[in-house]
Amino acid sequence: MESAFQVKNNEYHCENVSVKEIVQKVGTPAFIYSQNYFVDRFKELDEAFSYVPHLICYSVKTNSNIAVCKTLSDAGSGFDIVSGGELQRVLKAGVDPQKVVFAGVGKTEDEIELAINTGILFFTVESEPELRLIAQVAERLGKKGPVAIRVNPDVDPQTHKYITTGKAESKFGLDIDRAKQLFNEAKGLSSIDVVGIQMHIGSQITKTSPYVDAIKKMLVWIEDIRTQGIDLKYFDIGGGLGIVYEEEQPATAAEFAEAIRPLIEDLGLTLMMEPGRFIAGNAGVLVSKVIYIKENPTKKFVIVDAAMNDLIRPSLYEAYHEITTVDQNKNGSEMVADIVGPICETGDFFAKARSIPVVEEGELILVKSAGAYGFTMASNYNTRPRAVEVLVNGDKYSVIKERENVDQLIAGEKFPEW
Ligand code: LLP
């Protein structure tokens with residue numbers, strides 16, 4: 001599928017459903033996702049790696065709705081999780097635990113216990129004390145803790161500094177010397193099964209060269225670790241594949257797979273990958289209604305009913321998201337404005353000095369590429385209930401998460417006894 005969102009009869013559609021029709025029913029702000037897009041992107045990547053045994057583990061943090069997880073599970077995907085909460089989500093979606101890998105620097109004892117009892121494929125271990133805790137919990141349960149160790153290859157993924165993870169100064173993984181020591185320690189622990197090695201160098205990476213550089217380093221280390229008598233099964237190269245938000249020209253799945261093919265094809269390990277944004281980013285949009293248009297002497301503001309609590313990426317990373325009108329019958333007339341939300345923060349904006357089709361109060365706008373790190377990073381700041389989520393398939397659509405209401409937001413709050 002080229003694009004999940006296309007203009008037909010002068011207005012935006014998701015697959016075959018009019019966006020206007022959906023929001024007339026569900027209101028705004030609304031996240032709308034194309035089910036077929038998730039599947040197509042997963043398959044694109046899956047097929048590109050058909051030359052090697054592999055398991056693609058969709059990164060749940062990107063878009064964790066259980067309907068999205070089920071969609072990808074049905075397509076054959078595995079899952080990369082980072083919390084007990086995400087584990088419960090994928091279980092609810094009917095995912096096979098043997099296709100689940102658990103990353104993150106701060107796994108708690110309860111989360112480790114749940115994961116061992118569930119029978120996940122492996123933990124990605126990020127520190128010495130974490131390995132020891134997994135060993136302890138596994139022993140107490142009379143089970144084995146399967147682990148991969150996350151190595152920090154110290155390469156620059158050439159992306160935004162907040163989403164760079166594989167450099168020496170980052171909190172993730174272990175440098176190779178400490179990792180080797182930990183592999184050795186793990187080998188001696190009777191309740192631990194060492195099964196793999198992992199890396200994740202960053203996110204929104206558009207070139208293949210940072211992966212090639214990192215994998216080349218890892219191959220030398222994998223060889224060393226194997227000669228220590230450790231029998232690895234999995235090489236997990238993490239996520240990070242970039243997408244088009246504006247004018248990026250990211251490597252395609254096929255280009256990426258071919259670039260690393262000579263390095264991994266004959267390694268004798270199952271290749272694992274943890275893509276998130278690649279699968280979900282352009283599967284979704286955020287639809288919002290213009291509340292007011294406000295002009296001061298130097299600027300025009302389009303004030304919409306979605307805000308930074310719904311999609312924080314522009315505020316947090318100064319990320320670019322394309323913005324346009326749902327109605328495309330505009331004869332090319334444009335206006336320049338800041339597109340902002342109702343929240344009481346200067347940082348509450350979707351775009352600054354952006355040229356968009358002329359809009360009027362009450363009109364609908366689309367914020368594109370909002371399928372990844374949109375709803376999952378949403379908050380209730382300013383006591384704003386989170387948006388509704390809708391999944392489209394062909395000419396059908398369905399609400400997959402009801403819009404929150406204020407009663408739900410204040411439900412757990414109480415007055416102190418005194
Ligand atoms: N695996 C691990 C261990 C990760 O930490 C991440 C993302 C992924 C996989 C998936 O990365 P992806 O394929 O989506 O690039 N909130 C930021 C992105 C943070 C990424 C965190 N880790 C954003 O909105 O750009």
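Buried area is the accessible area, found with a 1.4 Å probe, that two parts lose on being put together, summed over both. With that in hand, let's work through some exercises on this predicted model.

**Exercise 1. Describe the interface between domain 1 and domain 2: which residues form each domain, and what area is buried between them?**

Step 1. Start with the division of the chain. Domain 1 covers 5-33 + 281-410, and domain 2 covers 35-277.

Step 2. Place the two parts relative to each other. Taken over C-alpha atoms, their centres are 32 Å apart. Domain 1 brings 24 residues to the contact, and domain 2 brings 22 residues.

Step 3. Turn to the area. The size of an interface is often given as the accessible area lost when the parts come together. Here about 2,000 Å² is buried between domain 1 and domain 2, and carbon and sulfur atoms give 53% of that area.

Step 4. Look for the main contributors in domain 1. Y317, Y320 and Y373 lose the most area to domain 2, and together they make up 28% of what the domain 1 side buries.

**Exercise 2. Characterise the polar side of this interface: how many salt bridges and how many residue pairs in polar contact lie between the domains?**

Step 1. Count the salt bridges between domain 1 and domain 2: there are zero.

Step 2. Count the polar contacts. The interface holds 14 residue pairs in polar contact, with both residues at pLDDT 80 or more.

Step 3. Find the elements involved. On the side of domain 1 that touches domain 2, two or more residues come from each of α11 (313-317), β19 (388-393) and β20 (396-401). The largest share, four residues, belongs to β19.

Step 4. Sort the residues on that side of domain 1 by type: 10 are nonpolar, nine are polar and five are charged.

**Exercise 3. Analyse the salt bridge of D80 and K61: is each residue buried or partly exposed?**

Step 1. Recall the idea behind the pairing. Side chains of opposite charge can pair when their charged atoms come close. The side chains of D80 and K61 meet at 3.6 Å, N to O.

Step 2. Locate the partners. D80 is in strand β6 (residues 78-81) and K61 is in the loop between β5 (54-59) and α3 (66-75), so the salt bridge ties together parts 19 residues apart in sequence.

Step 3. Apply the cut-off: buried means under 20% relative accessible area. D80 is buried because its relative accessibility is 1%, whereas K61, at 31%, is partly exposed.

**Exercise 4. Repeat the analysis for D338 with K299 and for E322 with K368: how many residues apart are the partners in each pair?**

Step 1. Take D338 and K299, whose side chains form a salt bridge at 2.7 Å, N to O. D338 sits in strand β16 (residues 334-340) and K299 in strand β14 (residues 299-304), 39 residues apart. D338 is buried at 3% relative accessibility, while K299 is partly exposed at 35%.

Step 2. Move on to E322 and K368, which meet at 3.4 Å, N to O. E322 belongs to the loop between α11 and β15 (323-325), and K368 to the loop between β18 (364-367) and β19, 46 residues apart.

Step 3. Check the accessibility of this pair. E322 is partly exposed at 31%, and K368 is buried at 16%.

**Exercise 5. Place S127 in its surroundings: which residues does S127 touch?**

Step 1. Find S127 in the loop between β8 (122-125) and α6 (128-141). At 18% relative accessibility, S127 is buried.

Step 2. List its partners. The S127 side chain reaches the backbone nitrogen of E130 at 3.3 Å. Leaving out residues up to four places away in sequence, S127 touches L174 and L182.

How values were computed: Residues are numbered from 1 along each chain as its sequence is written. This is a predicted model: local features need pLDDT of at least 70, side-chain atom pairs count only at pLDDT 80 or more; totals for chains, interfaces and linings use all residues. Side-chain values use heavy atoms; hydrogens and water are left out. Domain bounds come from an automatic or database domain assignment. Contact means heavy atoms within 4.5 Å. A salt bridge is a side-chain nitrogen of Lys or Arg within 4 Å of a carboxyl oxygen of Asp or Glu. A polar contact is a pair of N or O atoms within 3.5 Å; within protein, one must be able to donate a hydrogen and the other to accept it, and residues adjacent in sequence count only if both atoms are side-chain atoms. Ala, Val, Leu, Ile, Met, Phe, Trp, Tyr, Cys and Pro count as nonpolar, Asp, Glu, Lys and Arg as charged, and the others, Gly among them, as polar. Buried means under 20% relative accessible area, exposed over 50%, partly exposed in between (1.4 Å probe, protein chains only).
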